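I opened the model to look up a handful of residues and then some totals for the chain. My notes follow in the order I made them.

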Amino acid sequence: YITRELLPSGCVPLIWDLCCGSGCLGLSLKHRFPSASVVLSDISHAALRVAHLNSSRLGLPAELLCGDLCSVWLEHPALRSQVADVVVCNPPYLSEPEFYALPASVAHFEPPLALLGGPTGLEVYKRLADELDRCVSRTTTAAVWLEVGHTQGRAVAELFGRTGMWGEGKVLQDYGGKDRFVVVKRRSV
């Protein structure tokens, strides 16, 4: 989805993979758009070690930053005066009931920090809807791509829409027909 949307616009100068985990989203975009600058950030040092290893092994340079959501961007001396043109984000989005119902094979493989999004699963999205405005380009081509739980698409799109800064969110389905991504763009001025 993402590369098809970006193809018409050509070059993507600054991509931010927020909650990057292994870095797969940001590094895939770096591979597809070699001239883009890519920033990978996560709150987990362990995740960033994996992202760094992947970046090195694949020969795809990226800046790696450790911190909590948007504060990592706003507190970085070189970045706080810049804005991202594209943000991709796979945040923790499971609600507490969903998290505690996970099969052991999943619960023991992934750390809770990577999965648990709060009591409703929407808490991280609420923060992002309020905070991303300061980190994303003000052009109407700037886009935020969010992975969501299969029942969260409309709710996440509405969270961003309520801020007044973002246009109507577009909910996209995965190959199984379930809601999987929400893409939001700047509201036209």
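**Entry 1: a glycine in a loop**

I started with Gly-176, which I found in the loop between β8 (170–173) and β9 (179–185). Before going further I noted that this is a predicted model. Is Gly-176 buried or exposed? Its relative accessible area is 64%, and exposed means over 50%, so Gly-176 counts as exposed. I also took a distance from Gly-176 to Glu-123, which is 53 residues away along the chain. Their C-alpha atoms are separated by 26 Å.

**Entry 2: a valine in a strand**

Next I looked up Val-144, which belongs to strand β7, residues 143–147. The relative accessibility of Val-144 is 0%, so I logged it as buried. I then asked which residues Val-144 is in contact with, leaving aside neighbours within four places in sequence. The list is Val-87, Leu-132, Val-136, Trp-166, Val-182, Val-183 and Val-184. For a distance I chose Ala-84, which is 60 residues from Val-144 in sequence. From C-alpha to C-alpha, Val-144 and Ala-84 are 9.4 Å apart in space.

**Entry 3: cysteines**

I turned to the cysteines and asked how many disulfides there are. The count comes to zero. Cys-20 is accordingly in no disulfide, and the nearest cysteine sulfur to its own belongs to Cys-19, 8.3 Å away. I checked Cys-135 as well. Its closest cysteine sulfur is in Cys-70, at 4.2 Å. A disulfide needs the two sulfur atoms within 2.5 Å, so the sulfurs of Cys-135 and Cys-70 are too far apart for a bond. Cys-135 has a relative accessible area of 0% and is buried.

I stayed with Cys-20 for its surroundings. Cys-20 sits in the loop between β1 and α2. Its relative accessibility is 6%, and the limit for buried is under 20%, so Cys-20 counts as buried. Not counting residues up to four places away in sequence, Cys-20 touches Leu-40, Ser-41, Asp-42, Leu-48 and Ala-51. I also looked at Asn-90, which lies 70 residues from Cys-20 along the chain. The C-alpha atoms of Cys-20 and Asn-90 are separated by 6.9 Å.

**Entry 4: positive phi**

I then went through backbone angles. Most residues other than glycine have a negative phi. I noted two residues with a positive value.

Cys-19 has a phi near 60°, which is positive although the residue is not glycine. I placed Cys-19 in the loop between β1 (14–18) and α2 (24–32). With a relative accessibility of 17%, Cys-19 counts as buried, since the limit is under 20%.

The second one I noted is Leu-69, another residue other than glycine, with a positive phi near 45°. Leu-69 is in the loop between β3 (63–66) and α4 (71–74). At 7% relative accessibility, Leu-69 is buried too.

**Entry 5: a valine in a helix**

After that loop I moved into helix α4, where I found Val-72. Val-72 is buried, at a relative accessible area of 8%. Which residues does Val-72 touch, not counting those up to four places away in sequence? I listed Trp-16, Ser-41, Leu-65, Cys-66 and Gly-67. Ser-41 is thus touched by Val-72 and also by Cys-20. Val-72 and Leu-18 are 54 residues apart in sequence, and I read 9.5 Å between their C-alpha atoms.

**Entry 6: the whole chain**

I closed with totals. I counted nine helices and nine strands in the chain. The C-alpha trace spans about 40 × 40 × 35 Å along its principal axes. What radius of gyration would a compact globule of 189 residues have? The rule gives a value near 16 Å, and the chain has 16 Å, so the two agree.

Of the 189 residues, 46% are buried. I took the contacts between residues at least 6 apart in sequence and found that 64% of them join residues at least 24 apart. The chain exposes about 9600 Å², and carbon and sulfur atoms supply 57% of that area. For charges I noted 18 positive and 19 negative side chains. The centres of these two sets lie 5 Å apart.

Conventions. Residues are numbered from 1 along each chain as its sequence is written. This is a predicted model: local features need pLDDT of at least 70, side-chain atom pairs count only at pLDDT 80 or more; totals for chains, interfaces and linings use all residues. Side-chain values use heavy atoms; hydrogens and water are left out. Helices (H or I, at least four residues) and strands (E, at least two) are DSSP runs, numbered from the N terminus. The radius of gyration is taken over C-alpha atoms; the globule rule is 2.2 Å times the number of residues to the power 0.38. Buried means under 20% relative accessible area, exposed over 50%, partly exposed in between (1.4 Å probe, protein chains only). Contact means heavy atoms within 4.5 Å. Accessible areas come from the Shrake-Rupley method with a 1.4 Å probe; for residues, only the protein chains shown count as cover. Lys and Arg count as positive and Asp and Glu as negative; His and the chain ends are not counted. The place of a charge is taken as NZ of Lys, CZ of Arg, CG of Asp or CD of Glu.
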